[in-house]
Amino acid sequence: MTIGVVIRTLNESELIGRCLETLRGQRGAFELDIVVVDSGSTDSTLEIARSYGAGILELQPGEFDYSRALNVGIERVAGDFIVSLSAHAIPTTDDWLEKMAAPFDDPRVAGVASRQVPWPDAPWQEVHRLQHQFGSSLQGYSRETGQEIVFSNAASSIRRTVWRDVPFTLAAAEDHDWARRVVTGGWTIVYEPAAVVLHSHTENARQQALRMIDIYRAGDQTKGRRTRLRTLRDAVGILMRDARKIALLDEPIRRKLVYLTELFKMVCFYVIDFSRAGTTAERRREGPTQDAPKNGSAPTSAQNQAQDPAGRQVSP
C-alpha cells in the first residue's frame, strides 16, 4: 500500500528534517510518497526536504491559501489514503502511520485526526487549547452524533475518494469545514488519541491576531458581509472569554497580569488588522507562525493553561 504525505511549508528549516526523518522511520507494510508544498521559503527548507528525497511543489507566495496548498499536494502524491502533516508536527512513535491508517478498514471512514500535545515551551494559550480539544478518548463523529468534530490538518489522514468529491475549499480553517461537510454527507470522522504528534505554536500578539482573522474570515463566507461592529463584538467576546480563563489559572498574580496584557494587545491587533485589505497569503507572510524551539522532550504537567481565542480548530 502507498500512503501519500503532504507537508505545507514556509520557512520550516528548524524541523522539516526531523519531520521527514520520523516519517521515514515509521514501521508498517506501506510505501510513502511525500511532497512538500512550499509557499516561498527563504531559508534552507527546500534543500533539507530534497536531501530526504521528498518531492517539491512551489507556490508563489501570493497564490497561497491552506486549501489550495493541500489540494495541489494531494493531486501530486500517490495513494488511496493521504496524510496531511505540518513540518513542525512530529509523530512520537514509529507506529503513528499505522494508527492513522487503521480506521480506514471501515469503509465509512473519510478522515482520521491525530492527537496533538504541546511542546514543552508552548505558551499558555496553546497548552490549554490542545488539552481541551485533543483528549484521551477515541471518538467517532457521524451525522447522528451531533458533536463538535475534532479534526486538524496539522496531523490528519483522509480517504482520497472522498476528497475527490469533497475537496478542501476555505482559505483558512479548511480542516474543520471539510470534516463538517463530509460528516453531513454521511461519512464518519475518527479521532484517534493513540496516534500522537508534538505540535504547538509560539506566537506574539500580532501573529495570534492574524491567525484569528483568517479563521473568522473563513466563517464570514456563511455569515455575510463583515462589518466593523461585528469585528468589535468578536473582539469583546474574545477578551471576555480569555480574561475569565486567565483569572482561573493557578498562577501568580504577576504572571496573570502579563497574560492579560498580551491578550489585550492581541485583541487590539485583531480590530486594527481586520480593517486592512489583504489575502491569507499576505497576512501569513506578514506574521508567520514561529514555532517553539524543540528539544524532543515530552510536555510537562507544569505547563500553564488557558483557552485559545474563540476555542476554534486552526490550521498550521
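In this predicted model, Ser67 has a relative accessibility of 2% and counts as buried. Ser67 belongs to helix H3, which spans residues 66-76. Leaving aside neighbours within four places in sequence, the contacts of Ser67 are Phe168, Thr169, Leu170, Ala171 and Glu174. Asp175 stands 108 residues from Ser67 in sequence, yet their C-alpha atoms are 8.5 Å apart in space.

Asp175 is itself part of helix H7 (residues 174-184), and it is buried there. The other buried residues of H7 are Glu174, Asp177, Trp178, Ala179, Val182 and Val183. Glu174 is also one of the contacts of Ser67. After H7 comes Gly186, with a positive phi near 105°. Trp178 has a further role in the picture: together with Phe151 and Phe168 it forms one aromatic cluster. Phe168 also appears among the contacts of Ser67.

Ala29 offers a contrast in exposure. Its relative accessible area is 73%, so Ala29 is exposed. Ala29 is placed in the loop between H1 and E2. In sequence, 28 residues separate Ala29 from Met1; in space, their C-alpha atoms are 6.9 Å apart.

The chain as a whole can now be described. It holds eleven helices and nine strands. Of its 316 residues, 56% count as buried. Among contacts with a separation of 6 or more, 80% join residues 24 or more positions apart.

Aromatic pairs come next. A pair of aromatic rings is described by the distance of the centres and the angle of the planes. The count of aromatic pairs is six. In one of them, Phe81 and Phe104 have ring centres 4.6 Å apart and planes at 20°, so this pair is stacked; the cut-off for stacking is under 30 degrees. Phe81 sits in strand E4 (residues 81-85), while Phe104 sits in the loop between helix H4 (96-101) and strand E6 (109-117). The pair therefore ties together parts that are 23 residues apart in sequence. Phe81 is buried, at 14% relative accessible area. Phe104 is buried too, at 5%.

Strand E4 also takes part in strand pairing. E4 and E8 run antiparallel and are joined by five bridges. Within this pairing, Ile82 stands opposite Ile158 of E8. E8 pairs with E6 as well, in the antiparallel sense, over three bridges. There, Ser156 of E8 is the bridge partner of Ala113.

E8 itself covers residues 155-159, and five of its five residues are buried. In a regular strand the side chains alternate between the two faces of the sheet. On one side of E8 lie Ala155, Ser157 and Arg159; on the other lie Ser156 and Ile158. Both faces are covered, since each of these residues is buried.

The largest nonpolar core has 37 residues. Ile7, Leu23, Leu85 and Trp96 touch the most other members. Several elements give two or more residues to this core: strand E1 (2-9), helix H1 (16-24), strand E2 (31-38), helix H2 (45-51), E4, H4, E6 and strand E9 (188-198). E9 gives the most, with five residues.

Leu85 shows how such a residue is surrounded. Neighbours within four places in sequence aside, Leu85 is in contact with Val6, Ile7, Arg8, Cys19, Leu23, Pro91, Trp96, Asn153, Ala154, Ala155 and Val197. Among these contacts, Ile7, Leu23 and Trp96 are named with Leu85 as touching the most other core members. Apart from this core lies another, of 31 residues. Its members include Val37, Leu59, Val162 and Ala179. Ala179 is one of the buried residues of H7.

Helix H9 spans residues 228-247, which makes 20 residues. From its first C-alpha to its last, H9 reaches 28 Å, close to the 28 Å expected at 1.5 Å a residue. Its buried residues are Arg230, Thr231, Asp234, Ala235, Gly237, Ile238, Asp242 and Ile246. These residues cover an arc of only 165° around the axis, which puts them on the same side of H9.

Note on methods: Residues are numbered from 1 along each chain as its sequence is written. This is a predicted model: local features need pLDDT of at least 70, side-chain atom pairs count only at pLDDT 80 or more; totals for chains, interfaces and linings use all residues. Side-chain values use heavy atoms; hydrogens and water are left out. Rings of Phe, Tyr and Trp (its six-membered ring) pair if their centres lie within 6.5 Å; planes under 30 degrees apart count as stacked, over 60 as edge-to-face and the rest as tilted. Helices (H or I, at least four residues) and strands (E, at least two) are DSSP runs, numbered from the N terminus. Buried means under 20% relative accessible area, exposed over 50%, partly exposed in between (1.4 Å probe, protein chains only). Two strands pair if DSSP finds at least two bridges between them. A nonpolar core is a set of buried Ala, Val, Leu, Ile, Met, Phe, Trp, Tyr and Cys residues joined through side-chain atoms within 4.5 Å. Contact means heavy atoms within 4.5 Å. The expected span of a helix is 1.5 Å times one less than its number of residues. The arc is that of the directions from the helix axis to the C-beta atoms.
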